[in-house]
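User: Could you take a close look at the charged pairs in this one for me? I'd like a connected walk-through rather than a list.

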Amino acid sequence: MKKYKDFDELDQLFFDDVLEVMEKKYGGKPLELMETSTFFKRYEQDPVYVQHHPPVYWADFIHEQYMNHK
């Protein structure tokens, strides 16, 4: 599975927005949470679907996955 650094700059801009929301809402290490979630897998499979939802949606999604798999 790809990691943050494996995507191009335009994709990373979207990811950065998600990471910013995560940091503001939840603190911690958002990139680590993002990379251990299914977010990048979903993005690889259907980037249009992922970008259809706002960054706050994905921030909450990633955080919820983390909380459910502690």
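Analyst:
**Salt bridges and their surroundings**

K24 is exposed, at a relative accessible area of 67%. One thing to keep in mind from the start is that this is a predicted model. K24 makes a salt bridge with E20, and the closest N and O atoms of that pair sit 3.0 Å apart. Why do K24 and E20 end up about one helical turn from each other? They are 4 residues apart in helix α1, which covers residues 9-26, so about one turn separates them. E20 itself counts as partly exposed, because its relative accessibility is 43%.

Staying with the charged pairs, K25 comes next. Its side chain meets that of D60 in a salt bridge, 2.7 Å from N to O. K25 lies in helix α1 while D60 belongs to helix α5 (residues 55-68), so this pair ties together parts that are 35 residues apart in sequence. As for how open the two partners are, K25 is partly exposed, with 44% relative accessibility. D60 is partly exposed too, with a relative accessible area of 28%.

So how do the two helices behind that pair sit against each other? The axes of α1 and α5 come within 8 Å and cross at roughly 60°. Angles from 65 to 115 degrees would count as roughly perpendicular and those under 35 as roughly parallel, and α1 and α5 are therefore oblique to each other. The crossing in which α1 passes α5 is right-handed.

E64 is another residue to look at in helix α5. E64 counts as partly exposed because its relative accessibility is 44%. From C-alpha to C-alpha, E64 and Y26 are 11 Å apart in space, though their positions lie 38 residues apart in sequence terms.

Now for the remaining bridge. The side chains of K5 and D6 meet in a salt bridge, with 3.3 Å from N to O. D6 is placed in the segment before α1. K5 is exposed, with a relative accessible area of 66%, whereas D6 is partly exposed at 38%. If you want to place D6 relative to K25, their C-alpha atoms are 26 Å apart in space, and the two residues are 19 apart in sequence.

How many salt bridges does that make by this rule? The count comes to 3. The general idea behind such pairs is simple: side chains of opposite charge can pair when their charged atoms come close. The cut-off used here is a side-chain nitrogen of Lys or Arg within 4 Å of a carboxyl oxygen of Asp or Glu.

Away from the charges, there's a nonpolar spot to mention as well. Y49, V56 and Y57 form a nonpolar patch on the surface, and together they have about 250 Å² of accessible area. Y49 has its place in helix α4, which runs over residues 47-52. With 36% relative accessibility, Y49 counts as partly exposed.

To pull the charged part back together: K5 bridges to D6, K24 bridges to E20 within helix α1, and K25 reaches D60 in helix α5.

Terms used: Residues numbered from 1 in each chain as written. Predicted model: local features only at pLDDT ≥ 70, side-chain atom pairs only at ≥ 80, totals over all residues. Heavy atoms only, no water. Patch = residues over 30% accessible without salt bridge, like charges linked within 9 Å, V, L, I, M, F, W, Y side chains within 5 Å. Areas by Shrake-Rupley, 256 points an atom, 1.4 Å probe, with all protein chains shown as cover. Buried < 20%, exposed > 50% of the residue type's maximum accessible area, 1.4 Å probe, protein only. Axes fitted to C-alpha atoms, helices over the stretch in contact; angles between N-to-C directions. Parallel < 35°, antiparallel > 145°, perpendicular 65-115°, else oblique. Left-handed = near helix turned anticlockwise from the far one by under 90°.
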